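Visitor: Could we take a close look at one part of this model together? I would like to begin where two helices pack against each other, and then see what surrounds them.

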Amino acid sequence: MLNAVVFLSDRHERVFKTVGLFSDRIIAALQSDDVAVDLWYVVIPDVVHENCRPRSTIATGLKLASPSSLSPSRARKLWGAPSLFAEDNALADIHRYEVDFHDQLKARLLHHNAPTQIVRESTLCLAAPGATPPPRGRDKSGLQAAIAWSLSTAAFYKAGGRPWKIERIRDGVCYVGLVFKQDLKHQDPRTACCAAQMFLDSGDGIVFRGAVGPWLTRGRSEFHLTRAAARELVSLAVEAYRQKTGAPPKELFLHGKVFFEHEEWSGFQEAVDPAVTNIVGIRIRDEFDLRLYRLGTRPVLRGTALLRHPRSAYLWTRGFTPRLRTYVGREVPRPLRVDILRGSADLRTVLGDILALTKLNYNTCILGDGLPVTLRFADHVGEVLTAAPLKEHNPLPFKLYI
């Protein structure tokens, strides 16, 4: 059955039908089984990984003709002017989905609240006892340990556990990372989907999908919301925080990669009660033009900060970790540039929070990430949000997206 769809010549039909083989069975089980499943492991053959990605091509000898495919241009026309034939409209809808197995499967299962862990068969084979040694002379035992750690930690988190949490975090604080993903299928090239990732001190993560609109700024490659859209997005975050804790946040930190425009920030402010919640806008981005060097053989310490002035600093979230006695990296560590653009906050507190948030990546086998979790998965969450036709839904757990 898999071979009948994974080699189809039309890439949209190929990925859509391949994803359907897995998603349809999960959905059917959710609707018929009485026993709740905490986590679905989706083990895919390597042929799915090779043939169901955006740039995948099928070898001529293996290619199967798609019996009823549409050209992308014809599909776009049918989106605006549907055909009298339901079959044509169904084929056109397939083109609304991204040709990426991973993102499309996540997107099609979002509304069914089905956490998944997608694993390639070859990865499991490599982790098994007696497996063939890895290529390029890599240490087999170390690689097996990394695979086991990553899979078990991710499974524990997606099943509802918390592998660890931030120590000495302040009460009543939440962190929101802004997510934008351009919708390349829309006729207006400025159209993008906006979302927000909210993380609490417990490590809980929630994703809110905001409005779809012309958020891309021409000539600047930046995304900015209107006042109304900004107000709506932060209102969702505040309300979700209130439902979880019983009260609105005392401090709300908005993490982004660009400046906040005046109208945009005004919308954010209108979503909170200034007498209760202090809202702060912070820009975080990688700095490529600055390096620090230490005497000796070890790089700069992770956690080093260089304060430029009370609202701006460089923070080294990558570097030598004394506890591990090593630096997990291959190049001279580069810092993050951290700027408090809007609102008021102590810079040292902001830097400490960002460093702590680099440890909340439950999806990998490392002690600390280069980016805080509020921004680490921003691009990926955007990919999942736009991998299928957008539907209205309540805020969903972050674990459904990774």
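Which residues in H8 meet which residues in H9?

Guide: Happy to walk you through it. This is a predicted model, in which local features need pLDDT of at least 70 and side-chain atom pairs count only at pLDDT 80 or more, while totals for chains, interfaces and linings use all residues. Residues are numbered from 1 along each chain as its sequence is written, and side-chain values use heavy atoms, with hydrogens and water left out.

On the H8 side, the residues are Arg227, Ala230, Arg231 and Val234, and they meet Glu263, Glu264, Ser266, Gly267, Phe268 and Glu270 in H9. To meet, or be in contact, is to have heavy atoms within 4.5 Å. The labels H and E stand for helices (DSSP runs of H or I, at least four residues) and strands (runs of E, at least two), numbered from the N terminus.

H8 and H9 pack at an angle of about 35°, and their axes are 7 Å apart. Here an axis is a line fitted to C-alpha atoms, for helices over the stretch in contact, and angles run from 0 to 180 degrees between N-to-C directions. The crossing of these two helices is right-handed: the near helix is turned clockwise from the far one by less than a right angle, whereas anticlockwise would be left-handed.

Now H8 by itself. Its 19 residues, 227–245, should span 27 Å at 1.5 Å a residue, and the end C-alpha atoms are indeed 27 Å apart, which agrees. The expected span is 1.5 Å times one less than the number of residues. Buried in H8 are Ala229, Ala230, Leu233, Val234, Ala237, Val238, Ala240 and Tyr241. Seen down the helix axis, the buried residues fall within an arc of 170°, so they line one face of H8. That arc is taken from the directions from the helix axis to the C-beta atoms, and buried means under 20% relative accessible area, with exposed over 50% and partly exposed in between (1.4 Å probe, protein chains only). An α-helix has 3.6 residues a turn, so residues three or four places apart point the same way.

What does that buried face pack against? The partners are strands E3 (173–182), E4 (192–200), E5 (205–213) and E8 (251–256), together with helix H9 (262–270). Just after H8 comes Gly246, with a positive phi of about 90°.

Three of those strands lead us on to another helix, H12: E3, E4 and E5 are among what covers its buried residues, along with H5 and helix H11 (373–376). The buried residues in H12 are Ala378, Val381, Gly382, Val384 and Leu385. Those residues cover an arc of only 160° around the axis, which puts them on the same side of H12.

From H12 (residues 378–385) we can step to H5, as their axes come within 8 Å and cross at roughly 65°. The two are therefore roughly perpendicular (angles under 35 degrees count as roughly parallel, over 145 as roughly antiparallel, 65 to 115 as roughly perpendicular and the rest as oblique). H5 passes H12 in a right-handed crossing, where His102, Asp103, Lys106 and Ala107 of H5 meet His380, Glu383 and Val384 of H12.

H5 (residues 101–109) also has helix H1 (residues 11–32) as a partner: their axes come within 10 Å and cross at roughly 40°, so H1 and H5 are oblique to each other. This crossing, too, is right-handed. H5 uses Phe101, Gln104, Leu105, Arg108 and Leu109 here, and among the H1 residues that meet them are Val15, Phe16, Phe22 and Ile26.

One last stop is the loop between H5 and strand E2 (116–120), the place of Asn113. Phi of Asn113 is near 50°, a positive value in a residue other than glycine. Most residues other than glycine have a negative phi. Asn113 counts as partly exposed because its relative accessibility is 47%. Arg325, in the loop between strands E11 (312–315) and E12 (336–342), has a positive phi near 60° and counts as exposed because its relative accessibility is 71%.
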